[in-house]
Amino acid sequence: MRIERANMVKPHPPPVLCQLVEGRQVESVERRGKNILLGLSGMGLLHVHLGMTGNLFVIPDVRFRCLSARIWFELDDGKGLIFEDPRTLGRLRFYHRQEASGLLAELGVEPLSDQFTLSRFVELARSSRQPAKIFLMDQRRIAGLGNIYAAEALFRARMDPRKSLSRVSRKKLAALHQAIVEVLNQAVECAVKAYAKPGVFQEAEEFPCQVYAREGKPCLRCGHSIRRIHQGGRSTYFCPACQR
DNA sequence: ACATTATCCTGCACGC
DNA sequence: TGCGTGCAGGATAATG
């Protein structure tokens, strides 16, 4: 194992982490929200967060790692498990499996699972006085929505990102619930298509944003100019005319 | 206890 | 052409 960027690794210092990981077998691969969990032999767990620009993949020969490979593992057959991340906002942590359960308990409901019922969503929404956009990005409530998909879901449900969901009607919440599921399903579909294409250097199929990054452009639904505001230090894009 | 802001980091778009 | 500036993202720490 090699760690080029010490700040991508927590909580152990790189030499300690290497010692903890080397020689162990990957026994399982799971995902919870934006987190990837590699179960290791000996009750270890590698927790990978890709941040914004991170990527995790296996290459046929570890020597062919790419320029922005920040952390990599030489597998026992000579293949390489690469954690690349040009902007280095990704994180890699090692836990003993017992410690990890606490971390996972912090995470909210999986939006593409059958746990994400309308009733559950209504209950969550009614319990928060935060602006809708902030609420949707809170990983402790719903696990997996980031800045782009939160904006897209609100646009599709025609809802104002600045307003709290606490007193919104069940009918409107149903529309937002459905929009979240649709947006995420579409995002997954895009990713699957991109990776299904032959050739390593294929461009990833881009998610067709209807509102994100369209400041000043006409709303695709009503033609009004799209606005950009700041919420929680992040840009929010929305149509002030048809999102209410 | 809550809400807002700063921090990390690099690549890219932009203006002069 | 090239340089500087600002912005983008998620999570967490720090501040109000």
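**Entry 1. Chain A as a whole**

I began with the surface of chain A, which exposes about 13,700 Å²; carbon and sulfur atoms supply 52% of that area. I note here that the model is predicted. I then took the extent of the C-alpha trace and found that it spans about 55 × 40 × 30 Å along its principal axes. For burial, I find that 42% of the 244 residues of chain A count as buried. I counted the secondary structure next: chain A holds 6 helices and 11 strands. I also looked up how far apart in sequence the contacting residues lie. Among contacts between residues at least 6 apart, 55% join residues at least 24 apart.

**Entry 2. Strand 5 and its partners**

I turned to strand 5, residues 44-49, and asked how many of its residues are buried. The count is 5 of 6, and I record the strand as mostly covered. On strand 4 (residues 35-40), I find 6 bridges to strand 5, with the two running antiparallel. Within this pairing I located Gly39, which stands opposite Leu45 of strand 5. I followed the connection between the two strands and found a hairpin with 3 residues between them. Gly42 lies in the turn and has a positive phi of about 80°.

I then looked up strand 9, residues 91-96, which is joined to strand 5 by 6 bridges. This pairing, too, is antiparallel. I took one bridge from it: His47 has Arg93 of strand 9 as its partner.

**Entry 3. The open sheet**

I traced an open sheet of 4 strands and wrote down its order as 1-7-8-6, with antiparallel pairing. Strand 1 (2-3) and strand 6 (55-59) stand at the edges with a single partner strand each, so one side of each has no neighbour in the sheet. I recall for this step that strands of a sheet pair through backbone hydrogen bonds, either parallel or antiparallel. I checked the pairing of strand 6 with strand 8 (residues 80-84) and found 5 bridges in the antiparallel sense. In that pairing I see Asn55 opposite Glu84 of strand 8.

**Entry 4. DNA strand B**

I listed the residues around DNA strand B: Arg5, Asn7, Arg70, Pro86, Arg87, Thr88, Leu89, Gln130 and Gly232. Of the atoms of DNA strand B that come within 4 Å of the protein, sugar and phosphate account for 78%. I sorted the surface near DNA strand B by class and obtained 2 nonpolar, 4 polar and 3 charged residues.

I then looked up polar side-chain atoms against the backbone of this strand. For Arg5, I find such an atom 2.5 Å from a phosphate oxygen of DNA strand B. For Asn7, a polar side-chain atom likewise lies 2.5 Å from a phosphate oxygen of DNA strand B. For Thr88, the partner is a sugar or linking oxygen of DNA strand B, at 3.5 Å.

**Entry 5. DNA strand C**

I moved to DNA strand C and asked which residues come nearest. Of the 15 residues around DNA strand C, these are His49, Asn147, Tyr212, Arg228 and Arg234. Of the atoms of DNA strand C within 4 Å of the protein, I find that 57% belong to sugar or phosphate and the rest to bases. By class, the surface near DNA strand C divides into 5 nonpolar, 5 polar and 5 charged residues. Strand 11 (residues 234-238) gives the most to this surface, with 3 residues.

I looked up three individual distances. A polar side-chain atom of His49 lies 2.7 Å from a phosphate oxygen of DNA strand C. The side chain of Tyr212 has an N or O atom 2.2 Å from a phosphate oxygen of DNA strand C. For Arg87, the partner is a base nitrogen of DNA strand C, at 2.9 Å from a polar side-chain atom. I note that Arg87 is also among the residues around DNA strand B.

**Entry 6. Ser235 in strand 11**

I closed with Ser235, which I placed in strand 11. Is Ser235 buried or exposed? Its relative accessibility is 15%, and buried means under 20%, so Ser235 counts as buried. I find a polar contact of 2.9 Å between the side chains of Ser235 and Arg228. Leaving out residues up to four places away in sequence, Ser235 touches Lys133, Asn147, Arg228, Ile229 and His230. Two of these, Asn147 and Arg228, I had already entered among the residues that come nearest to DNA strand C.

Key: Residues numbered from 1 in each chain as written. Chains lettered and ligands numbered in written order. Predicted model: local features only at pLDDT ≥ 70, side-chain atom pairs only at ≥ 80, totals over all residues. Heavy atoms only, no water. Near = heavy atom within 4 Å. Polar contact = N/O pair within 3.5 Å; in protein donor to acceptor, adjacent residues only side chain to side chain. Nonpolar A, V, L, I, M, F, W, Y, C, P; charged D, E, K, R; others polar. Pairing = 2+ DSSP bridges. Buried < 20%, exposed > 50% of the residue type's maximum accessible area, 1.4 Å probe, protein only. Contact = heavy atoms within 4.5 Å. Areas by Shrake-Rupley, 256 points an atom, 1.4 Å probe, with all protein chains shown as cover.
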